[in-house]
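Biologist: I would like to learn how to read a few features of a model like this one, taking them one at a time. Could we begin with a loop and go on from there?

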Amino acid sequence: MFRCNFFGFAATGLLALGLSGPAAAQNDFIIVQSTTSTQNSGLFDYMLPKFQDETGVEVRVVAVGTGQAIKNAANGDGDVLFVHAKASEEAFVADGDGVSRSDVMYNDFVIVGPPSDPAGVAGSSDIAVALAQIAEVEAPFASRGDDSGTHKAELNLWADAGVDVDAASGGWYRETGSGMGATLNTGTGMNAYIMTDRATWISFGNKGDYEIAVEGDAKMFNQYGIILVNPEKHSNVKAEQGQAFIDWVLSEEGQATIADYKIDGQQLFFPNAN
Amino acid sequence: MDSFSGILVEAIGLILSWDPDVIEIIVLSLRVTLTAVAAACLIGLPLGAIVGAFQFPMRTGVIIAMNTLMGLPPVVVGLLVYLMLSASGPMGVLGLLYTPTAMIVAQTILVTPIVAALTRQVIEDLNSEYAEQFASLGVGPFDRVLALLWDARYSLLTVALAGFGRAVAEVGAVIIVGGNINHVTRVMTTTIALETSKGNLQLALALGLILLTIAVIVNGLLMAIRGTATRAAYV
């Protein structure tokens, strides 16, 4: 065989890294397809260790937009789905991809905007009026545009306000096609209004001089649900551990853990399992 | 905006604090990338050498294909590997999705064309220099490839480094097939993407600086090996 030096080097390096790497991953784990809001707000980092300590089951979270999470779960690439788009979740269960859906918790959406407030909506608590006003003055608005739970909720609110955002796409209505954090980074960079869930906003580190402009409308309620991926459809689903996780999240202890999670003294999520 | 000196201080602080999470991420990054580059070299070096050293029908077509594949978008490779490894994909039974192995597979696919295409060019140039000698000595095709690869080893080191640079810097493929799972598949680039999305731009840049430093160390090590080997060759 030819003996290139870097082969030897690479082999030695690999061996060393392999040995020093983390111990072989335990088999007792589940994959949860979830959303960026629960991950980025730090909720999972706070609540998962408690479940792991109790059960020894490791929870691996894939945090993507709700749309992508649902598609991944429908492919069988996950044991539990934990997202926030009730209509899509119910469709997921109706299609036989999920076993059943339970409410877990809620928070709310807010509209954040620049201090100059070009549409004059600051302090409003009527989302339909505020959105109509933003459309009226054609103030820039940054949308997720990624089929996520937040994006779906936002589109419903526009429809409710009687605004056709498709017509304005590329003009004052700008779809970033990316996650909540990326959209906040982009939106604040172009003085646009942005709709975000409150948890992501509170924990977001690049707020600049942005403030919450619109909040408190009951229509901006943001419900999270949890679903076991159907093991009859995907035989690789770890139904037992997955169900154990769901049961824990819905239990008194799990719900209390969610309520306990605070940033700067503010509660981010409000448990409401039945 | 945060000052760059602040970012520098944060990066140095991160390294000095020897945060186990950061170390874990660095080690996984290196493990994934170096394994992928080694696998890509195992495939790409012989492949590139054979295409570079011999004439055969459709050769130009093969070269165009290899050169084109150098520009494979990482996100496309990520999607292809995801579809292959997904539980509903053809290789779903292996259960490799969201593991470091999946990330290695994706990066190997990304890097192999780079190694093969650049090796082809290096070997082709060297071969035109050696062709008459090979012919007069009656060297067989297998020995030819070995001799060319061995004599071109220092140029091929740079080829491997080009592959390393591509793999260690990409985020599009590994974030799809790895899932950026904390303590399992989180590497430098996916952490940078995550921290950026959390709005922690300073921390994200500090991590970028660490990534760059690692690349400098790897390059420096390989150059040192090359230097030592070159001197040894003339003793």
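Modeller: This is a predicted model, and B:His183 sits in the loop between helix H8 (172-178) and H9 of chain B.

Biologist: What is the sign of phi at B:His183?

Modeller: As a general idea, most residues other than glycine have a negative phi. B:His183 is not a glycine, and yet its phi is positive, at about 70°. B:His183 counts as partly exposed because it has 13 C-beta neighbours inside 10 Å.

Biologist: Where in chain A is A:Asp147 found, and what is its phi?

Modeller: A:Asp147 is found in the loop of chain A that runs between strand S5 (141-143) and helix H7 (149-161), and although it is not a glycine, it has a positive phi of about 65°. A:Asp147 is partly exposed, since 17 other C-beta atoms lie within 10 Å.

Biologist: Is B:Lys198 buried or exposed, and why?

Modeller: The idea is to count neighbours, and a residue is called buried if 20 or more other C-beta atoms lie within 10 Å of its own. B:Lys198 has 25 other C-beta atoms within 10 Å, and therefore it is buried. B:Lys198 lies in the loop between helix H9 (188-197) and helix H10 (201-234) of chain B, and, once its neighbours within four places in sequence are left aside, its contacts are A:Asn40, A:Gly181, A:Phe204 and A:Gly205.

Biologist: At what angle do helix H2 and helix H7 of chain B pack?

Modeller: Helix H2 (residues 20-53) and helix H7 (residues 153-169) of chain B pack at an angle of about 135°, and their axes are 9 Å apart. The angle makes H2(B) oblique to H7(B), because angles from 65 to 115 degrees count as roughly perpendicular and those over 145 as roughly antiparallel. The crossing in which H2(B) passes H7(B) is right-handed.

Biologist: Which residues make the contact, and how do they divide by character?

Modeller: From H2(B) the contact includes B:Ser29, B:Thr33 and B:Leu45, and from H7(B) it includes B:Leu156, B:Gly163 and B:Phe164. The residues of this contact divide into 10 nonpolar, three polar and no charged.

Biologist: Which residues of chain B does the UniProt annotation "transmembrane region" cover?

Modeller: According to the unreviewed UniProt entry, that annotation covers residues 25-50, 62-85, 97-118, 154-181 and 201-222 of chain B. Such a record can be set beside the model: over residues 62-85 of chain B the chain is 83% helix and 0% strand, with the end C-alpha atoms 27 Å apart, while over residues 97-118 of chain B it is 86% helix and 0% strand, with the end C-alpha atoms 30 Å apart.

Terms used
Residues are numbered from 1 along each chain as its sequence is written. Chains are lettered from A and ligands numbered from 1 in the order in which they are written. This is a predicted model: local features need pLDDT of at least 70, side-chain atom pairs count only at pLDDT 80 or more; totals for chains, interfaces and linings use all residues. Axes are lines fitted to C-alpha atoms, for helices over the stretch in contact, and angles run from 0 to 180 degrees between N-to-C directions. Helices (H or I, at least four residues) and strands (E, at least two) are DSSP runs, numbered from the N terminus. Angles under 35 degrees count as roughly parallel, over 145 as roughly antiparallel, 65 to 115 as roughly perpendicular and the rest as oblique. A crossing is left-handed if the near helix is turned anticlockwise from the far one by less than a right angle, and right-handed if clockwise. Two residues are in contact if their C-beta atoms, placed from the backbone, lie within 7 Å. Ala, Val, Leu, Ile, Met, Phe, Trp, Tyr, Cys and Pro count as nonpolar, Asp, Glu, Lys and Arg as charged, and the others, Gly among them, as polar. UniProt positions are given in the numbering used here, feature names are shortened, and annotations may be inferred rather than shown by experiment. A residue is buried if 20 or more other C-beta atoms lie within 10 Å of its own, exposed if 12 or fewer, and partly exposed in between; C-beta atoms are placed from the backbone.
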